[in-house]
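Trainee: I would like to take a close look at a single part of this model, namely its open sheet and the helices that pack against it. Could you take me through that part slowly?

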Amino acid sequence: MTTAVEMASHSQVLMEDKYTVRILTLNRPNQMNALSWNMITRLLQLFLAYKDDPRVKLVILKGQGKAFCAGGDVRPVICDIVQGKWRLGADFFSDQYTLNYVMATYSKIQISIMNGIVMGGGAGVSIHGRFRIATEKTVFAMPETELGLFPDVGASYFLSRLPGFFGEYVGLTGARLDGAEMLACGLATHFVPSTRLTALEADLCRVGSNDPDTFSSKILNAYTQHPHLKQHSAYHRHVLDVIDKCFSRRTVEEIISALEREAIQKPDEWISATLRALKKASPASLKISLRSVSSSKCFTCSNGIELMSCIKFQIREGRFQEVGQCLIREYRMVCHVLKGELSKDLVERSLQHRVLITQGVRAVVIDKDRKPKWEPQRLEQVTDNMVDQYFKRMDEEEGWEDLKLPPRINLSSSIIAKL
């Protein structure tokens with residue numbers, strides 16, 4: 001007998017069988033296809049089943065309505081925290097990160113049609129795929145620092161591999177990218193006008209059993225276009241030069257100082273908007289995100305001297321690690337966030353009501369007043385020792401374990417490194 005949970009998961013992820021192709025549609029349009037726990041477990045179940053099914057050569061993932069996927073549905077997680085059950089929230093993220101890992105290491109072809117909003121958890125179920133299609137309607141962002149969280153779902157892997165220090169910029173500021181920018185920086189592999197998606201999908205469903213990778217590439221290349229960047233795009237060369245100059249700094253404080261100097265020397269609305277984004281974000285989130293997301297290149301100190309990032313406190317970790325290592329580390333971090341003992345701005349405890357409220361989520365998702373009361377309030381109050389704690393195992397928590405990812409045997413580098 002089908003349970004209510006199974007019925008919900010089946011209705012929220014629609015499946016079409018098209019010969020050797022499986023089309024999965026995220027189906028919560030009124031919630032912008034935000035990922036519920038049911039959706040995550042259903043997707044994981046289907047991807048694992050298709051992996052061992054010789055009839056399946058290609059998986060297409062898309063969203064119903066105006067969004068591809070606006071992120072993970074965090075409200076049930078907040079309810080769990082309110083009831084003192086943060087470990088249930090941890091289980092949600094464990095399943096989500098496991099799904100991300102399966103997608104990132106998938107031996108079969110996943111084509112993500114990112115038509116509409118792609119944020120947070122939506123990036124986790126799309127960017128790890130082999131082919132990633134953007135359109136003129138695509139809006140991509142990792143807005144976690146505004147929520148008092150950090151870019152997760154493997155973002156420390158895929159953002160750290162973007163050109164220059166563009167990943168640091170995207171991860172810290174929550175900047176929104178359009179389809180043309182996603183194609184230019186490598187987050188998308190193809191750009192297809194939304195009016196041609198139906199025809200593209202029909203052609204992809206003709207894939208045979210022989211070399212589906214080459215077939216899919218040929219079809220996608222026939223449909224793809226190369227749109228021009230908008231006039232005020234952050235991916236123009238002169239802006240990228242400023243991004244690389246400023247976001248290569250070792251600390252968030254030095255990044256902001258560098259941007260402020262640029263603003264004095266040549267006032268620019270993009271610089272002003274970037275500074276506003278950084279200054280309204282959670283100070284603790286900015287610091288743990290920078291260390292998690294950033295690359296292992298040379299970092300420029302304020303006096304112009306370049307230092308190799310081989311000293312422990314200077315290492316910003318994403319570039320050094322494979323996707324599985326990044327997800328294991330992100331799971332440690334999110335468990336510390338959910339437990340709420342390291343920073344009062346990530347989880348605010350109300351002694352009067354004995355409940356927990358995630359401060360950033362309260363401001364942006366629930367109350368929508370966009371006035372979180374971060375604690376610590378200033379960057380200089382977030383010490384290196386505080387940041388270090390987020391990256392440690394929670395051995396003191398009874399029964400807690402690191403994220404256990406499914407074994408992937410004899411994976412080729414082409415499967416693992418899709419960016």
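Mentor: What follows goes from the whole chain to the sheet, and then to two helices beside it.

Please keep in mind that this is a predicted model. The protein chain has 419 residues, of which 56% count as buried, and its secondary structure comes to 19 helices and 14 strands. Among the contacts in the chain that link residues at least 6 apart in sequence, 71% join residues at least 24 apart.

Turning to the sheet, you can follow six strands in the order β1-β2-β3-β5-β7-β10, which form an open sheet with mixed pairing. Its edges are β1, residues 13-18, and β10, residues 190-191, each of which pairs on one side only. Within the sheet, β3 (residues 58-63) runs parallel to β5 (residues 109-114), and four bridges connect this pair; here Leu-61 stands opposite Ser-112, a residue of β5.

Now bring in the helices, beginning with α10, which spans residues 197-204 and packs on the sheet, where it touches β2, β3, β5 and β7 (131-134). The direction of α10 makes about 160 degrees with that of β3. Helix α2, made of residues 37-51, lies across β1, β2 (21-26), β3 and β5, and it runs at about 175 degrees to β2. If you compare the two descriptions, you will find β2, β3 and β5 named both for α2 and for α10.

Technical notes: Residues are numbered from 1 along each chain as its sequence is written. This is a predicted model: local features need pLDDT of at least 70, side-chain atom pairs count only at pLDDT 80 or more; totals for chains, interfaces and linings use all residues. Side-chain values use heavy atoms; hydrogens and water are left out. Two strands pair if DSSP finds at least two bridges between them. Contact means heavy atoms within 4.5 Å. Axes are lines fitted to C-alpha atoms, for helices over the stretch in contact, and angles run from 0 to 180 degrees between N-to-C directions. Buried means under 20% relative accessible area, exposed over 50%, partly exposed in between (1.4 Å probe, protein chains only).
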